[in-house]
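Q: I have a structure open and would like to go through it with you, starting with the general layout and then moving on to how the chains meet. Could you take me through it?

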Amino acid sequence: MADKPKLAMYWAAACGGCEISTLNIGDKILIVDEIFDLAFFPCIADFKIKDVQGYPDGYIDVCLFNGAIRNSENEEMAHLLRKKSKVLVAFGSCAYEGCIPALSNLTTRQATLNTVYLDNASIDNPDKVFPLEVTQIAEGELYLPTFFHTVKSLDQAVPVDYYIPGCPPEPEQIWAVLEVVVNALLHGGPLPPAGSIVGAGRVAVCEECPLEKNVKSIAQFYRPYEIVPEPGLCLLEQGIVCVGPSTRSGCGALCPRVGMRCEGCYGPLEGVEDQGAKMLSAIASVVGVGAAGEDEHEMAKRLDALMDTIADPAGTFYRFSMAHSLLKRVRVNGNGDKGG
Amino acid sequence: MSEQFKPVIVGFLCNWCSYRAADLAGTSRIKYAPNMRPIRVMCSGRVDPQFVLKALKEGADGVLIAGCHPGECHYVEGNIKALRRFSLLKRLLSQWGIEDERVQLVWASASEGNVLAAAVDRMTEQVRALGPLRWQESVLSGNGHGHPAPIETIAEVLATPEEV
């Protein structure tokens, strides 16, 4: 028993969907249990940080770390688990590239706190109580973690061995990765090169998408609620900002299959640094405005009007990859001042 | 302060028109601001938005994209692709908090050395007025570590596995 490899799964700034997806590998979870000893997995078993601290360095063979680095506690856990793990996997979009939590990089720390504690229809906080990092009580001082200005991905806090994209990663892909790991641990099978993105394809979501694709010439963009898409036809072609062209495959094009645009959760394609910039290029290639011979001012005006129909380009193109994008966060004040 | 500030402007100039415009400006001995670092690309349509973002991230205060006038592209519509990208890029940049003047698209044909020189002069002054961007230092540095105590305390707790 003692010789079984050790598995850990931890959540930082995450929603818990990664854990659900992992448990969704179905009865194969029994195989996982047979092969591994759980060393730390707060979602499904009772472990304490003390347990992890007590392990020798490198005790955990594989740690699946999901969730972004949102506050100082997340960061400390990332350092602790890095120290205690042989293989640290950035599991899911948050750990890999920031995901939904990193959308708050579009605003400031203070604005985020205000939304959560003050300016929200369901909030009743007349005394404007905010959580304090330090609180004095009779017994001494109490501390809460520092809430960061900028959300980071796991690899911006500690070195990471592998990345599994997806929000959440698909169970089949999780199992495929676990199979490789198990094969390596038990039979000395090959592991992918360090730093690899595993459990995903190498081409765009469009390659997996069964919808019919024709030459695109978009005259107007729609948000999903503004239009009922024609079944069987490419969503981008219909003016819905489907970010499949700039997104890595591996999910089987689950969303477009059922008429919902791809939101980009598998991250940028192989060799692409900035998913949003690439999506911007893709959109520019398929708009039906502008041709050689048109009046340049007229053309620029019509283009601007068309691009205005894309609501929130940053939040749409970088929905999952903000922390890993080139600029990483928005600038708050002009003249080079740091905001927030 | 603004006297000492020398904006760094990265210029992506198309091989067929704007780079030649820059050449012409040089051979015609037109005097203009020395702040633009030209990079020759085959077409303004070759300018991936990643180039622009990367330039801004790595220290540029502004980015100039220059190409042939619409209708005069060596590759027929490369510059129109650049215009479409630019239209959307402007929207994105304003969400990132980057002023419009910092990223500009201009058309300058091979005979318009004066147009390119004037554009560089104008943009240099506009960016000088805005001040330095310094993305790495001023936007990405620091991370709201307002109070060091919690981090130290947690580190202490983590470092000393204690009895129950």
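A: Chain A has 12 helices and nine strands, and please keep in mind throughout that this is a predicted model.

Q: What box do the C-alpha atoms of chain A fill?
A: Taken along the principal axes, the box filled by the C-alpha atoms of chain A is roughly 75 × 55 × 35 Å.

Q: And which domains does the assignment give for chain A?
A: The domain assignment lists domain 1 as 6–101 + 150–187, domain 2 as 110–148 and domain 3 as 205–309. Over C-alpha atoms, the centres of domain 2 and domain 3 of chain A are separated by 41 Å.

Q: How much of chain A counts as buried?
A: Of its 340 residues, 46% count as buried. As for contacts in chain A with a separation of 6 or more, 72% of them are accounted for by residues 24 or more positions apart.

Q: Let me pick one residue, Ala176(A): where does it lie?
A: Ala176(A) lies in helix H7 of chain A, which covers residues 171–187. Its C-alpha atom is separated by 10.0 Å from that of Ile25(A), although the two are 151 residues apart along the chain.

Q: Why is Ala176(A) partly exposed?
A: Ala176(A) has 17 other C-beta atoms within 10 Å, and therefore counts as partly exposed; a buried residue would need 20 or more, and an exposed one 12 or fewer.

Q: Changing topic, how many residues does each chain bring to the contact?
A: The contact takes 55 residues from chain A and 51 residues from chain B. On the side of chain B that touches chain A, H3(B) gives the most, with 11 residues, and the residues of that side divide into 26 nonpolar, 15 polar and 10 charged.

Q: How do H11(A) and H3(B) pack?
A: Helix H11 of chain A (residues 296–307) and helix H3 of chain B (residues 78–95) pack at an angle of about 45°, with their axes 10 Å apart. The two helices are therefore oblique to each other, and their crossing is right-handed.

Q: Which residues meet there?
A: From H11(A), the residues are Ala300(A), Leu303(A), Asp304(A) and Met307(A), and they meet Leu83(B), Arg84(B), Ser87(B), Leu88(B) and Arg91(B) in H3(B). By character, the residues of this contact of H11(A) with H3(B) divide into five nonpolar, one polar and three charged.

Definitions and conventions
Residues numbered from 1 in each chain as written. Chains lettered and ligands numbered in written order. Predicted model: local features only at pLDDT ≥ 70, side-chain atom pairs only at ≥ 80, totals over all residues. Axes fitted to C-alpha atoms, helices over the stretch in contact; angles between N-to-C directions. Helix = DSSP H or I, 4+ residues; strand = E, 2+ residues; numbered from the N terminus. Parallel < 35°, antiparallel > 145°, perpendicular 65-115°, else oblique. Left-handed = near helix turned anticlockwise from the far one by under 90°. Contact = placed C-beta atoms within 7 Å. Nonpolar A, V, L, I, M, F, W, Y, C, P; charged D, E, K, R; others polar. Domains from an automatic or database assignment.
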